[in-house]
Amino acid sequence: MNVYSCPSCGARLFPEVLACACGQALMFDPRQDCVTPLDDRACAHRARLGCSWIAEGDGGLCLSCATTQLEPHLSADDAPALWEKAEAAKRWALVGLLRLGWFVGPDAPLPVFHMLSEKVDGARQSVMMGHQDGLITLNIMEADPARAQARKQRFAEPLRTMVGHVRHELAHFLFDRLAQTQPDFAPAFRALMGDERDDYATAMAAYYENGPADGWQDTHISAYATAHPHEDWAETAANALHLLDLSHSAQALNLGLAGDSALDQAQTVGVMLNHFCRSLGQPDPYPMIISPGVHDKLSFALGYLDCRGSAV
Ligand SMILES: [Zn+2]
Ligand SMILES: [Zn+2]
Ligand SMILES: [Zn+2]
């Protein structure tokens, strides 16, 4: 993420703030990647969802809010706040992709989102997060830190965040786009990560029955990535996007890191973060293990995810 400053007083701030401490009301322009004083172009969900982005096109919604095709049931007490957090995570993930050149130009479709709550009128309904033909379904309850922590333990996932969920599902969407627009993508992908045409249901059933094979860390970023080549791509690409965001933040903060590639620089940032947090008695914020085999897959994903200057 870039480092932004208040146009009135110059204070550093994050792009989701609606007003600076100096009193200046602000909005964020995701296509220009800048924070500007509030004017009449604000997203129609500014008051309702705390969205700081500027409206784009018809309907008065910003690029991100306009992708929400189905809104969650808001009967649960915590649902409005968790929806707001889930939308903020979606904006964070989307702006990273805009910066890489995605969703620019006339033939650059965005996915649509169903933002669902698993709590409806006091009852629990199951929400399957996933991507299918340009539709991404997310469970807003995953934005609750306590719930994410509990599931992190239950599913033995060291890194489980709302931004991570959004990036994982966006990665499935981008896979389809890459397969449609770049003829060399699918063959190169299959050579590295396997054939995504293998039966998905059979593979998932086997994964849930047997778990990952021993030594999976040599080749896969997460246990879940071993379930099927589609999941290997989504887990790898989501982590590539995390790491790219880290290296971008490091550049914006002038950290002057050693390393030839964004990936190497990001790994250094990850190690630094873990060290700093251990100094404060906090858990490692980037607990993923990047073995040489995983490094190759991350490099492959980064090469295709960064489409600045290409026709995607
Ligand atoms: Zn200010
Ligand atoms: Zn908005
Ligand atoms: Zn997936």
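I take a residue as buried when its relative accessible area is under 20%, and as exposed when that area is over 50%. The model I am reading is predicted.

**Entry 1: zinc ion, ligand 3**

I looked up the protein donors of this ion and found His168 (NE2), His172 (NE2) and Glu231 (OE), lying 2.0 to 2.1 Å from the zinc. Along the sequence I read their spacing as H-x3-H-x58-E. His168 belongs to helix α4 and Glu231 to helix α7; the pair is 63 residues apart and links distant parts of the chain.

I then checked accessibility. His168 has a relative accessible area of 8%, so I record this donor as buried. Glu231 is at 3%, and therefore I enter it as buried too.

**Entry 2: zinc ion, ligand 2**

Which protein atoms are the donors of ligand 2? I found the SG atoms of Cys43, Cys51, Cys62 and Cys65, lying 2.3 Å from the zinc ion. The angles subtended by these four donor atoms run from 105 to 114°, and I therefore note the arrangement as tetrahedral. For that assignment, every angle has to lie between 85 and 135 degrees.

The sequence spacing of these donor residues reads C-x7-C-x10-C-x2-C. I looked up the accessibility of Cys62 and Cys65, and both are buried.

**Entry 3: the largest pocket**

I noted a volume of about 1600 Å³ for the largest pocket. Its lining comprises 48 residues, and those nearest the centre are Met129, His168, Glu169, Tyr208 and Tyr224. I met His168 above as a donor of ligand 3.

I next asked which elements contribute to this lining. At least two residues come from each of β9 (130-132), α3 (145-154), α4 (162-181), α6 (200-210) and α7 (229-252). At the domain level, domain 2 (64-170) and domain 3 (182-305) each provide at least three residues of the lining.

How does the lining of the largest pocket divide by class? I recorded 19 nonpolar, 17 polar and twelve charged residues.

**Entry 4: the second largest pocket**

For the second largest pocket I read a volume of about 850 Å³. It is lined by 34 residues, of which Leu159, Leu246, Leu273, Pro285 and Tyr286 are the closest to its centre.

I traced the lining of this second pocket to β2 (12-13), α3, α4, α7 and α8 (262-279), each of which supplies at least two residues. The greatest contribution is that of α7, with five residues. By class, I listed 23 nonpolar, five polar and six charged residues in the lining of the second largest pocket.

**Entry 5: positive phi values**

Most residues other than glycine have a negative phi. I therefore looked up two residues with the opposite sign, Phe103 and Asp121.

Phe103 has a phi near 65°. I located Phe103 in the loop between α2 (79-99) and β6 (112-116). Asp121 has a phi of about 50°, and I placed Asp121 in the loop between β7 (119-120) and β8 (123-124).

Is Phe103 buried or exposed? Its relative accessible area is 3%, so I entered Phe103 as buried. For Asp121 I read 58%, which means that this residue is exposed.

Key. Residues numbered from 1 in each chain as written. Chains lettered and ligands numbered in written order. Predicted model: local features only at pLDDT ≥ 70, side-chain atom pairs only at ≥ 80, totals over all residues. Heavy atoms only, no water. 1 Å grid on protein atoms, 1.4 Å probe; cavity = no way out; pocket = protein on both sides within 12 Å on 5 of 7 lines; lining within 4 Å. Points joined across faces, edges and corners; volume = space filled by probe spheres on them. Helix = DSSP H or I, 4+ residues; strand = E, 2+ residues; numbered from the N terminus. Nonpolar A, V, L, I, M, F, W, Y, C, P; charged D, E, K, R; others polar. Domains from an automatic or database assignment. Donors = N, O, S within 2.8 Å, 3.2 Å for Na, K, Ca; no water. Tetrahedral: all angles 85-135°; square planar, octahedral: opposite > 155°, others 65-115°. Buried < 20%, exposed > 50% of the residue type's maximum accessible area, 1.4 Å probe, protein only.
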